[in-house]
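Hi,

Here is the structure I said I would pass on to you. Have it open while you read, and look up each spot as it comes along.

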Amino acid sequence: MVFVLVLAGGGGWLWTSGLLGSKAPGANAQTTGARQSVAVTVANAVRESAPVRFEAIGAVEPLVTVTIRARVASRVEQVKFEDGAEVKEGDVLFVLDSREIDAQILQAQATLTKDKSQLEKAMRDVERYSGLAARNAVSQVQVDDSKTTADMQKATVQQDEANLQALQVQRSYYEIKAPVSGRAGIAQARPGAVIRVDDTLATIRQIKPIYIAFGVPERYLSDVRTNMAQATVQFRLQGSGTVVSGGKVAALDNTIDIQTGTLMVRAIFPNADERLWPGTLGDVTVTLRMEPNVVTVPAEAIQSGQSGTFVFTVDNNTARVKPVTVERTVDGKAVVSVGLSGGEVVVTQGQLALRNGSRVDIKAETKAPSAGS
């Protein structure tokens, strides 16, 4: 009985293992065939024009920032702008108590008028003594003394005029005007407040137009300098997806940061609608130029290995490894500078199951996006 049970169990194991029966060889053949043919998606390597473009993180900066400070100690009489309002150059922002300086100006004007009258008298004396000296009625010493007195009085008048001018300059400090056009911040002083010299009263930032500052990789320095005039800049605000176009490269820094290997660049935007606000961060896209007649493939066709980057090309349903050099990736396409000449069929999906010489089954062809402009 034991022998019969062992014999029956061994036969069942041979049957389930495929060593007995007629279905196992067919199943193995199907498995072998599946391993030899890999389903892939492909696309064509094409020659076309592709933009030379790079991206960076940028920050919005005002074109001009001016801090309004008090130049005299006084009391604030009026604040003539709303917090955050747009102001124009020459607009009065603060009016200070100027009664004391006004009195000093009146006193200086009175002194100037008195000294001018004395100067006129001295000039008449010079004229009179000169006539008398011609008739030998007075001595030459009296004539010279009268001229000296007139010269001294003339100097006194000039001093009075200088004092009056200095007071008038100080008087202008009591009516504080906007030195530039822009957006005012929050006023730091209110009517009735007593301010001291050098106290901060407000800040004005010019934001129309406005700057965006960003770092350019060192390898793009030559291209940026050469194509600075025609380069275009776009800015995508972080968190909102809003894209602002119309930027131009305005200024390059005079040195490269040795720690980051980047050059600080400023782009200028008109910002007529004030969508760009100082301090905002976002993604900067700079298009330097269009490079004609380059080979491009979908970016997903590029693979990385121990020997560098490569693609799988397909010829007669056979995959071949092709080493390539990728110059850049733009708009979902990789620009290949070495390895492809255009027209090759490359694998875009299914590479993980491929080896050099693998048989492939093309399921679909990828429509690559446009390289843009």
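Below is what turned up, going from helices to strands to pockets and ending with some backbone details.

One thing to keep in mind from the start: this is a predicted model.

**Two helices side by side**

Let's begin with helix H3, which covers residues 99-134, and helix H4, which covers residues 140-172. A pair of packed helices is described by two things, the angle between the axes and the distance between the axes. For H3 and H4, the angle is about 160° and the axes are 8 Å apart. Angles over 145 degrees count as roughly antiparallel, and H3 and H4 are therefore roughly antiparallel to each other. The crossing of H3 past H4 is left-handed. What kinds of residues make up this contact? Sorted by class, there are 15 nonpolar, twelve polar and nine charged residues where H3 meets H4.

**Strands and a hairpin**

Next, find the open sheet of four strands, whose order is S6-S5-S3-S8 with antiparallel pairing. Why do S6 and S8 each have one side without a neighbour in the sheet? Both S6 and S8 (194-195) stand at the edges with a single partner strand each, so one side of each is left free of a neighbour there. Inside this sheet, S3 (residues 74-79) and S5 (residues 92-96) run antiparallel and are joined by three bridges. If you want to see one of the pairings, go to Gln 78, whose bridge partner in S5 is Val 95.

Further along the chain, S15 (residues 308-315) pairs with S16 (residues 318-323) in the antiparallel sense, over six bridges. Val 314 is a good place to look, as Ala 319 in S16 stands opposite. S15 and S16 form a hairpin, with two residues between them. In that turn, Asn 316 has a positive phi of about 55°.

**Two pockets**

Now for the pockets. The largest pocket has a volume of about 270 Å³, and 16 residues line it. Which of them lie nearest its centre? Those are Arg 53, Glu 55, Gln 234, Thr 285 and Asp 331. Strands S2 (46-69), S10 (232-237), S13 (281-298) and S17 (325-330) each give at least two residues to the lining of the largest pocket. S10 provides the largest share, with five residues. By class, the lining of the largest pocket splits into five nonpolar, six polar and five charged residues.

The second largest pocket holds about 210 Å³ of space. Its lining includes Val 66, Arg 69, Tyr 173 and Lys 177. S2 and S6 (175-177) are the elements that supply two or more residues to this lining, and the largest share, four residues, is from S2. The class split for the second largest pocket is five nonpolar, two polar and four charged residues.

**Backbone details**

Before you close the viewer, go to Pro 209, which sits in strand S9 (residues 200-217). The peptide bond from Lys 208 to Pro 209 is cis, and its omega is near 0°. Then try Glu 274, in the loop between S12 (262-269) and S13. Although Glu 274 is not a glycine, it has a positive phi of about 60°.

Have fun exploring!

Conventions. Residues are numbered from 1 along each chain as its sequence is written. This is a predicted model: local features need pLDDT of at least 70, side-chain atom pairs count only at pLDDT 80 or more; totals for chains, interfaces and linings use all residues. Side-chain values use heavy atoms; hydrogens and water are left out. Axes are lines fitted to C-alpha atoms, for helices over the stretch in contact, and angles run from 0 to 180 degrees between N-to-C directions. Angles under 35 degrees count as roughly parallel, over 145 as roughly antiparallel, 65 to 115 as roughly perpendicular and the rest as oblique. A crossing is left-handed if the near helix is turned anticlockwise from the far one by less than a right angle, and right-handed if clockwise. Ala, Val, Leu, Ile, Met, Phe, Trp, Tyr, Cys and Pro count as nonpolar, Asp, Glu, Lys and Arg as charged, and the others, Gly among them, as polar. On a 1 Å grid over the protein atoms alone, a cavity is a set of points where a 1.4 Å probe fits but cannot get out, and a pocket is an open set with protein on both sides within 12 Å along at least five of seven lines; lining residues have an atom within 4 Å of a point. Grid points are joined across faces, edges and corners, and a volume is the space filled by probe spheres set on the points. Two strands pair if DSSP finds at least two bridges between them.
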